[in-house]
Every structure is written in structure tokens, then in C-alpha cells.
Amino acid sequence: QLVESGGGLVQAGGSLRLSCAASGRTFSSYVMAWFRQAPGKQRELVAAITRGITRGGSTNYVDSVKGRFTISRDNAKNTVYLQMNSLNPEDTAVYYCAADRRWFDSGYGRTQHDYTYWGQGTQVTVSS
């Protein structure tokens with residue numbers, strides 16, 4: 001089970017930190033990702049972090065958020081985070097946490113079809 005929190009309304013240029021708490025005892029063996037879906041658009045990968053038994057995994061970002069968003073994981077707390085800085089109205093969407101244990105050649109899945117487990121989503125609204 002994945003439970004997101006931390007969404008809300010923020011002005012352009014502001015910051016938010018999303019959290020995703022996972023249940024279970026094998027969190028470190030899961031690839032974790034954040035997706036987002038804006039009205040009328042397809043769900044897109046925002047950031048992913050590979051499984052990391054000791055170091056927490058390597059990270060990957062969609063070009064539009066590079067340098068602004070940071071994904072991280074705390075395996076001791078079974079939690080993955082998405083720190084979002086310099087937000088703009090184009091970042092407005094429902095943000096979803098996703099997880100999967102399968103092996104990916106690149107270390108992470110690139111589409112929503114690559115992930116088995118999903119959170120309920122949290123709304124992020126950025127006003128101009």
C-alpha cells in the first residue's frame with residue numbers, strides 16, 4: 001500500500017515536498033517513481049529512483065523538472081519523497097507514487113504500465 005501526502009496550493013516560484021509512505025518490509029527492493037497527470041493529458045513519469053539496498057538508488061527525471069525536483073528515498077522509513085522547487089503553473093497535476101519490484105535494464109520503468117502498485121494521488125496546484 002502506498003499513501004501520498006504533501007500536495008496543496010502554492011504560488012508560482014514556491015516549493016512543496018511530497019511524501020509516499022509504503023507498507024511492508026521489503027521497501028528497499030522496489031523501484032519507486034512519481035508520475036503526474038494533468039486534466040486532459042496522459043499520465044507522465046516525473047522522477048524515478050532505483051532500488052537501493054545501501055545507498056538509496058540512482059535517480060532519473062523528465063527534462064521539464066530537471067534542476068527543480070529531487071526524488072529521494074529513506075529505506076528505514078519506507079518512504080519516498082519528491083522535493084519540488086521553483087514550481088510553475090505547468091506543474092499543476094495530480095501526483096501519484098508508484099512502485100514495482102521487477103528488473104528494468106535501465107534501472108527503472110519509464111511508463112505507467114511498468115508499475116504494479118499505486119497510491120491514490122495528491123493534488124498539486126500552482127497559481128500564477
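Here are some questions and answers about the predicted model above.

Me: Before we start, what should I keep in mind about numbering and about this predicted model?
Reply: Residues are numbered from 1 along each chain as its sequence is written, and side-chain values use heavy atoms, with hydrogens and water left out. This is a predicted model, in which local features need pLDDT of at least 70, side-chain atom pairs count only at pLDDT 80 or more, and totals for chains, interfaces and linings use all residues.

Me: Happy with that. How many disulfides does a search of the whole structure find, and which cysteines are joined?
Reply: A disulfide here is a pair of cysteine sulfur atoms within 2.5 Å. Searching the whole structure turns up one disulfide. The S to S distance is 2.1 Å, and the pair is cysteine 20 and cysteine 97.

Me: Which strands hold cysteine 20 and cysteine 97, and how many residues apart in sequence are the parts that the pair ties together?
Reply: Strands are DSSP runs of E with at least two residues, and helices are runs of H or I with at least four, numbered from the N terminus. Cysteine 20 lies in β3 and cysteine 97 in β9, so the disulfide ties together parts of the chain whose separation in sequence is 77 residues.

Me: Is the disulfide left-handed or right-handed?
Reply: The answer comes from the torsion about the S-S bond of cysteine 20 and cysteine 97. That torsion is about -80°, so the disulfide is left-handed.

Me: Is cysteine 20 buried or exposed, and what about cysteine 97?
Reply: Buried means under 20% relative accessible area, exposed means over 50%, and partly exposed is in between, using a 1.4 Å probe and protein chains only. Cysteine 20 has a relative accessible area of 0%. Cysteine 97 also comes out at 0%, so cysteine 97 is buried, and cysteine 20 is buried.

Me: Which residues of the largest nonpolar core touch the most other members?
Reply: A nonpolar core is a set of buried Ala, Val, Leu, Ile, Met, Phe, Trp, Tyr and Cys residues joined through side-chain atoms within 4.5 Å. The largest nonpolar core has 27 residues, and those touching the most other members are Met32, Trp34, Phe69, Val80, Leu82, Met84 and Tyr95.

Me: Which elements give two or more residues to this core?
Reply: Strands from several parts of the chain contribute, including β4 (31–37) and β5 (44–49). The full set is β3, β4, β5, β7 (69–74), β8 (79–84), β9 (93–100) and β11 (122–127). Apart from this core lies another, of nine residues, among them Phe35, Leu45, Ala48 and Phe104.

Me: Where is asparagine 78, and what is its phi?
Reply: Asparagine 78 sits in the loop between β7 and β8. Asparagine 78 is buried because its relative accessible area is 16%. Although asparagine 78 is not a glycine, its phi is positive, at about 55°.

Me: Which residues does asparagine 78 touch, not counting residues up to four places away in sequence?
Reply: Contact means heavy atoms within 4.5 Å. The C-alpha atoms of asparagine 78 and alanine 22 are 5.4 Å apart, with their places 56 residues apart in sequence. The residues that asparagine 78 touches are Cys20, Ala21, Ala22, Ser23, Gly24 and Phe27.

Me: Where is serine 86, and is serine 86 exposed, partly exposed or buried?
Reply: Serine 86 is in the loop between β8 and β9, and has a positive phi of about 50° although it is not a glycine. The relative accessibility of serine 86 is 44%, so serine 86 counts as partly exposed.

Me: Which residues is glycine 13 in contact with, leaving aside its neighbours within four places in sequence?
Reply: Glycine 13 is in the loop between β2 (8–11) and β3 (16–22), and counts as exposed because its relative accessibility is 54%. The C-alpha atoms of glycine 13 and asparagine 85 are 7.1 Å apart, although the two are 72 residues apart in sequence. The contacts of glycine 13 are Ser86 and Leu87.

Me: Which residues does glutamine 83 touch, not counting residues up to four places away in sequence?
Reply: Glutamine 83 lies in strand β8, and its relative accessible area of 26% is why it counts as partly exposed. From C-alpha to C-alpha, glutamine 83 and arginine 17 are 4.4 Å apart. The residues that glutamine 83 touches are Ser15, Leu16, Arg17, Arg68, Phe69 and Thr70.
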